[in-house]
Amino acid sequence: MNSDDKLKELFDELKSEPINNEAFLRQLESNLKAMDTVKSFEASKRRSRRIPTIVAFTTGLVCGIVLSLLFPVMKGWISLSLIPHYASLGDVVLILPTVITSIIFSILILFITYSAYDISSQFVKSKN
Amino acid sequence: MNRKQFIEQVKSTQGDLRRFLIALCCGDTQLADDIAQDALMKAYISIETLNDENRFKQWVMKIAYNQFISNRRTFHPTEQLDTASAIPSSSASDDSFRFQSLYEALSKLSDKERTAVVLYYMEGYTTKEIAETTNAGESAVRQLIARGRNHLKDML
């Protein structure tokens with residue numbers, strides 16, 4: 001018998017050694033169970049966030065469109081009533097109403113969108 | 001593949017997988033089982049990446065090998081593996097003492113040589129399959145087997 005066959009025989013003997021399968025499988029099963037629990041918890045969390053996100057996105061979009069349509073009206077109102085004393089400053093009076101109106105609109109859209117997310121989250125939570 | 005199906009697949013391959021890892025860990029059954037558990041958890045997480053269920057065993061063996069290498073890189077034992085292998089762990093059966101000289105000889109090989117030799121002699125893998133499992137070239141695998149075989153012949 002050459003040394004290669006001897007090695008093969010030795011490894012074959014090693015391979016035929018019995019090992020305890022039950023304890024190993026039991027531990028694996030409990031590990032996988034724990035992993036599935038974490039996975040399903042994360043999936044349910046993702047699902048519960050989906051509806052408020054859609055609601056917030058839609059609300060933000062609608063608000064953005066509506067307020068954009070109202071932009072010229074609001075800009076005119078701000079330039080007349082809010083800062084009439086800047087009329088003498090030339091260029092400033094042309095830019096300032098636009099900037100102020102844009103800031104107000106942005107804050108308004110942000111607030112409405114966040115509120116929509118918050119309300120829909122509460123609604124989903126109470127439903128679950 | 002759900003959990004039950006995965007466990008069924010594992011049942012048929014776990015013996016080979018654990019023996020392979022025990023040989024790589026030079027008889028440290030506890031360490032080998034820890035690596036096997038980690039590898040199987042990783043396999044379960046990325047089960048969608050398995051295209052062919054018939055190749056489950058080879059796929060898991062590859063993950064186990066990578067896990068073993070990563071474990072060797074991050075784990076800094078207080079004792080060298082060759083010294084530690086001489087101490088029988090509590091979970092190691094008395095039978096493993098029979099293979100003590102083989103384990104000690106294996107511990108003198110490099111990780112790559114040991115992997116190539118174990119897969120070739122114990123699992124009956126071809127050099128091509130070993131190359132796929134270890135991400136090495138076929139000629140490199142042939143060299144590793146030859147070098148490992150010569151070292152083992154000298155030591156056993």
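Relative accessible area sorts residues into three classes, with buried meaning under 20%, exposed over 50%, and partly exposed anything in between. In this predicted model, A:Lys15 has a relative accessibility of 24% and is therefore classed as partly exposed, since that value falls between the two cut-offs.

**Salt bridges within and between chains**

Counted over all chains, the structure holds twelve salt bridges, and three of them are described here in some detail. A:Lys15 takes part in one that crosses between chains, where A:Lys15 in helix 1 of chain A (residues 3–15) is paired with B:Asp16 in helix 1 of chain B (residues 3–24). The closest N and O atoms of B:Asp16 and A:Lys15 are 3.7 Å apart. The two partners fall in separate accessibility classes, because B:Asp16, at 16% relative accessibility, counts as buried, whereas A:Lys15, at 24%, counts as partly exposed.

The other two pairs each lie inside a single helix of chain B. B:Asp111 and B:Arg114 are both found in helix 6 of chain B (residues 111–121), where a spacing of three residues places them about one turn of the helix apart. B:Glu138 and B:Arg142 both belong to helix 8 of chain B (residues 138–155), with a spacing of four residues, again about one turn of the helix. Salt bridges that share partners also join A:Lys15 and B:Asp16 with B:Lys57 and B:Glu123 into one network.

| Salt bridge | N to O distance |
|---|---|
| B:Asp16 – A:Lys15 | 3.7 Å |
| B:Asp111 – B:Arg114 | 3.4 Å |
| B:Glu138 – B:Arg142 | 3.8 Å |

Accessibility adds a further layer to the two pairs within helices. In helix 6, B:Asp111 is buried, with a relative accessible area of 18%, and B:Arg114 is likewise buried, at 1%. In helix 8, by contrast, B:Glu138 is partly exposed at 34%, and B:Arg142 is partly exposed at 46%. As a general point, side chains of opposite charge can pair when their charged atoms come close.

**A nonpolar patch on chain A**

Which residues form a nonpolar patch on the surface? The patch is made of A:Phe57, A:Leu61, A:Ile65 and A:Leu69, which together present about 470 Å² of accessible area. Of these residues, A:Leu69 can be placed in helix 2 of chain A, which covers residues 21–82. A:Leu69 counts as exposed because its relative accessibility of 66% is over the 50% cut-off.

Key: Residues numbered from 1 in each chain as written. Chains lettered and ligands numbered in written order. Predicted model: local features only at pLDDT ≥ 70, side-chain atom pairs only at ≥ 80, totals over all residues. Heavy atoms only, no water. Salt bridge = Lys/Arg side-chain N within 4 Å of Asp/Glu carboxyl O. Buried < 20%, exposed > 50% of the residue type's maximum accessible area, 1.4 Å probe, protein only. Patch = residues over 30% accessible without salt bridge, like charges linked within 9 Å, V, L, I, M, F, W, Y side chains within 5 Å. Areas by Shrake-Rupley, 256 points an atom, 1.4 Å probe, with all protein chains shown as cover.
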